[in-house]
Amino acid sequence: MKLRDFKIDNNEKMTLMGGMNVLESRDLAMEVAEKFKDVTDKNGINYIFKGSFDKANRSSINSFRGPGLDEGLKILEEISKTYDIPVITDIHEPNQANSVSEICEVIQIPAFLARQTDLVSAAAKTSSIIQFKKPQFLSAQEMSNVVEKCEAAGNKNITLCERGNSYGYNNLVVDTLNFQILKKLSKPVIFDVTHSLQLPGGLGSSTGGRREYVLSLAKAGMSQSIAGLFLEAHPNPDEAKCDGPCALPLPVTLRLPSQSPFGVTQIRLCSLQLALSTRIYDLCSPIYTTRFLYAKNITRRECLRILR
């Protein structure tokens with residue numbers, strides 16, 4: 001799937017959808033976008049900025065929702081033009097689709113709303129790529145119905161985003177088999193590491209999280225040869241207005257590519273797959289690691305050099 005000058009595909013160079021949960025302010029959004037842009041440029045990673053203008057599904061009536069549609073789109077447009085990057089945001093109502101598509105080259109349908117036919121159809125009738133978060137209550141196989149709805153409305157440019165399944169109360173679990181099942185739908189698969197670490201309602205009036213496990217979960221996802229990752233960051237997650245317990249501290253995001261002992265830019269098509277790992281062996285056993293590298297078009301000589 002083509003987006004500007006790169007492809008989003010399970011067999012192409014990694015794409016990172018990174019940014020912040022809710023657009024808290026114009027200045028903060030610009031800071032986060034600049035940091036992500038810098039690190040992705042340095043490491044040859046395709047980049048799409050993410051930020052929400054409205055969080056309509058907050059746990060509490062007292063929770064911060066965002067700047068709203070008009071102000072939010074102004075911020076997203078400025079980011080897109082300033083850093084020359086595509087942007088993604090989510091919509092919650094059918095009447096938001098057209099105005100959002102004028103700014104955002106990717107429209108995201110939230111997990112809770114992925115089965116809302118009117119919303120799916122409205123988004124599909126735009127020229128944007130449509131990303132569907134897999135609902136916490138759906139199996140991977142059931143996403144075929146969501147894809148069918150979108151394609152029936154005229155849009156086949158679809159990405160599917162895994163974000164875990166509800167497991168009892170206040171908990172999410174990621175089934176790595178889902179990545180392969182979603183790939184069978186012939187769409188690029190993105191792994192939302194951030195929201196897979198949620199503890200929904202875990203803090204009573206807001207969502208808890210387990211940001212300390214982000215690297216482990218990201219490595220597990222990228223070992224599945226998917227199109228990319230979805231990550232959110234904040235300069236001070238403990239003060240973030242939404243999903244702070246799941247957000248990466250922004251300096252950690254910047255250090256991710258340097259955590260590999262190998263030169264990331266020297267390894268074709270691996271980007272953050274290797275950068276996320278302090279040791280390549282962490283991805284899987286040496287035998288399967290070799291197969292993984294071959295799948296990414298790494299030469300035999302490069303495999304042997306890396307595995308030493």
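**Close-up views of a predicted model**

**View 1. Strand β3 beside β14.** β3 and β14 run parallel and pair over five bridges. This is a predicted model. Within this pairing, G19 stands opposite E232 of β14. Strand β3 covers residues 15–22, and eight of its eight residues are buried.

**View 2. Strand β3 beside β4.** β3 also pairs with β4, again in the parallel sense, here over six bridges. T15 has N46 of β4 as its bridge partner. Helix α1, residues 26–42, joins the picture: β3, α1 and β4 make a right-handed β-α-β unit.

**View 3. The salt bridge between E232 and K50.** The side chains of E232 and K50 meet in a salt bridge, at 2.9 Å from N to O. The pair links distant parts of the chain, 182 residues apart. E232 sits in strand β14 (residues 228–234), and K50 in strand β4 (residues 46–52). Are the two residues buried or exposed? Both E232 and K50 are buried. E232 is also the residue that G19 faces in the pairing of β3 with β14.

**View 4. The salt bridge between E105 and R4.** E105 forms a salt bridge with R4, and their closest N and O atoms are 2.7 Å apart. Both residues lie in loops: E105 between α3 (97–101) and β6 (106–109), R4 between β1 (2–3) and β2 (6–7). The pair therefore ties together parts that are 101 residues apart in sequence. E105 has a relative accessibility of 25%, so it counts as partly exposed. R4 is partly exposed too, with a relative accessible area of 33%.

**View 5. The salt bridge between K81 and E77 in helix α2.** The side chains of K81 and E77 meet in a salt bridge, at 3.2 Å from N to O. Both residues lie in helix α2, residues 69–83. They are four residues apart, about one turn of the helix. How exposed is K81? Its relative accessibility is 63%, so K81 counts as exposed. The cut-off for that class is over 50%. E77 has a relative accessible area of 31% and is partly exposed.

**View 6. A salt-bridge network.** Salt bridges that share partners join R4, D84 and E105 into one network. The bridge between E105 and R4 appears in View 4. How many salt bridges does the structure hold? The count is 11.

Key: Residues are numbered from 1 along each chain as its sequence is written. This is a predicted model: local features need pLDDT of at least 70, side-chain atom pairs count only at pLDDT 80 or more; totals for chains, interfaces and linings use all residues. Side-chain values use heavy atoms; hydrogens and water are left out. Helices (H or I, at least four residues) and strands (E, at least two) are DSSP runs, numbered from the N terminus. Buried means under 20% relative accessible area, exposed over 50%, partly exposed in between (1.4 Å probe, protein chains only). Two strands pair if DSSP finds at least two bridges between them. A crossover is right-handed if, with the strands pointing away from the viewer, the path from the first strand over the helix to the second runs clockwise.
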